Amino acid sequence: MSLTKITSLTSTRLLRSIRRLLSPPVTPFTVPRRALKYRRPGTPNEDKFQWQSMTFDLAKGVKEIRRTFVLLKKYFVESLTIGPEGRPLSEHAFEQNRVVWEFRGPESLEQWTVSSDREIGGQSEAYLKLGKNTNTCFLYGTLNSTPPNDGETRYSGYCTLRSQPQLAAFDKKILHDWTSFNYLHLRVRGDGRPWMISIATDTFFSHQKDDLYCYFLYTRGGPYWQDVKIPFSKFFLTHCGRIHDDQHPIWLDKVTNIGFTLGDKADGHFQLEIDFIGVAKDHAHTEEFAYEMYKRNP
């Protein structure tokens, strides 16, 4: 074999080896049929796209468009002729107390949502109805802390009552502005159980959607009503039931809803009757925040 052929063969092999090093084999990219999501053990697997479970109704769409324009007209008329929230500015300036939620008919119960651990396989039950005089909200049920037999859930036993966020035109959230007040005022009648009051605010980032400001409500029990005033400075920040290390005062200008949670691990019947939920102003209370905060570098 001549020297020229040997040289060309060697150079060809060298180029092949360099090409293999520079361009490694790439596995073909495959697109999954559907996005993976969490599924509780024991539940059937739904092998279908998300849009396949949606229902399209023309009459419902027309009704929603009509409701949107009615709310839009109401917003412009109240803002231009009367004032914010349909009240004059003088009431906002000198307001000392405000009733935010009250129960004066069946339509008031539509603003609230009741849930329990039955949604995750538990055995607790919670129901909501009007009181005897149709002027109060009566929450009752049975608490059961037995965890479901799914091999994963270790703790169970909770019941929750939460208000639904108010929506304006085009499903825009109506935020409660409580910056003029420093107390949460409730009139309740319970059975002696401790409840957790949670206040949700409108957040900037998606990872903050489970942040809640919480404090305790201790009911006395018995036939007498109980007036409860809780300073907003006592509410502490939590995330999915865990207390944040970095605490800060509640954002009173971005409040979306309020909730009541029972989870004291005492199995049995419970009841809580609520007359109204409001906010109040006490000039004698000057505390801004009751908990230690991180020192930030200015």
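Reader: Before we start, what does buried mean here?
Author: Buried means under 20% relative accessible area. This is a predicted model. Phe 232 has 4% relative accessibility, so Phe 232 counts as buried.

Reader: And Phe 235, what is its relative accessible area?
Author: Phe 235 has a relative accessible area of 0%, so it is buried.

Reader: How are the rings of Phe 232 and Phe 235 arranged?
Author: They form a tilted aromatic pair. The centres are 6.2 Å apart, with 35° between the planes.

Reader: Which residues make up the aromatic cluster?
Author: Phe 232 and Phe 235 are among them. So are the tryptophans Trp 101, Trp 112 and Trp 178. The cluster also takes in Phe 103, Phe 216, Phe 236 and Phe 289, along with Tyr 215, Tyr 218 and Tyr 291.

Reader: How many aromatic pairs in the whole structure?
Author: The search finds 15. One of them is Trp 195 with Phe 270, an edge-to-face pair. Centre to centre it is 5.8 Å, and the planes are at 70°.

Reader: Where do Trp 195 and Phe 270 sit?
Author: Trp 195 is in strand S7, residues 194-201. Phe 270 is in strand S13, residues 268-280. The two are 75 residues apart, so the pair links distant parts of the chain.

Reader: Buried or exposed, those two?
Author: Trp 195 and Phe 270 are both buried.

Reader: Switching to Ser 198. Where is it?
Author: Ser 198 is in strand S7. At 4% relative accessibility, Ser 198 counts as buried.

Reader: What does Ser 198 touch?
Author: Leaving out residues up to four places away in sequence, Ser 198 touches Arg 162, Leu 212, Tyr 213 and Cys 214. It also touches Asn 257, Ile 258 and Gly 259.

Reader: Any charge over a ring? Which residue lies over the face of Tyr 140?
Author: Lys 129 does, at 5.2 Å from the ring centre.

Reader: Now the surface. Which residues make the nonpolar patch?
Author: Phe 49, Trp 51, Met 54 and Phe 56 make a nonpolar surface patch of about 510 Å².

Reader: Where is Trp 51, and is it buried or exposed?
Author: Trp 51 lies in the loop between helix H1 (3-22) and helix H2 (58-82). Its relative accessibility is 54%, so Trp 51 counts as exposed.

Reader: Zoom out. How many helices and strands?
Author: The protein has three helices and 13 strands. It has 298 residues, and 32% of them count as buried.

Reader: What about the accessible surface?
Author: The protein's accessible surface comes to about 20,900 Å². Carbon and sulfur atoms account for 56% of that.

Notes: Residues numbered from 1 in each chain as written. Predicted model: local features only at pLDDT ≥ 70, side-chain atom pairs only at ≥ 80, totals over all residues. Heavy atoms only, no water. Phe/Tyr/Trp six-rings, centres within 6.5 Å; stacked < 30°, edge-to-face > 60°. Helix = DSSP H or I, 4+ residues; strand = E, 2+ residues; numbered from the N terminus. Buried < 20%, exposed > 50% of the residue type's maximum accessible area, 1.4 Å probe, protein only. Lys NZ or Arg CZ within 6 Å of the ring centre and 35° of its normal. Contact = heavy atoms within 4.5 Å. Patch = residues over 30% accessible without salt bridge, like charges linked within 9 Å, V, L, I, M, F, W, Y side chains within 5 Å. Areas by Shrake-Rupley, 256 points an atom, 1.4 Å probe, with all protein chains shown as cover. Salt bridge = Lys/Arg side-chain N within 4 Å of Asp/Glu carboxyl O.
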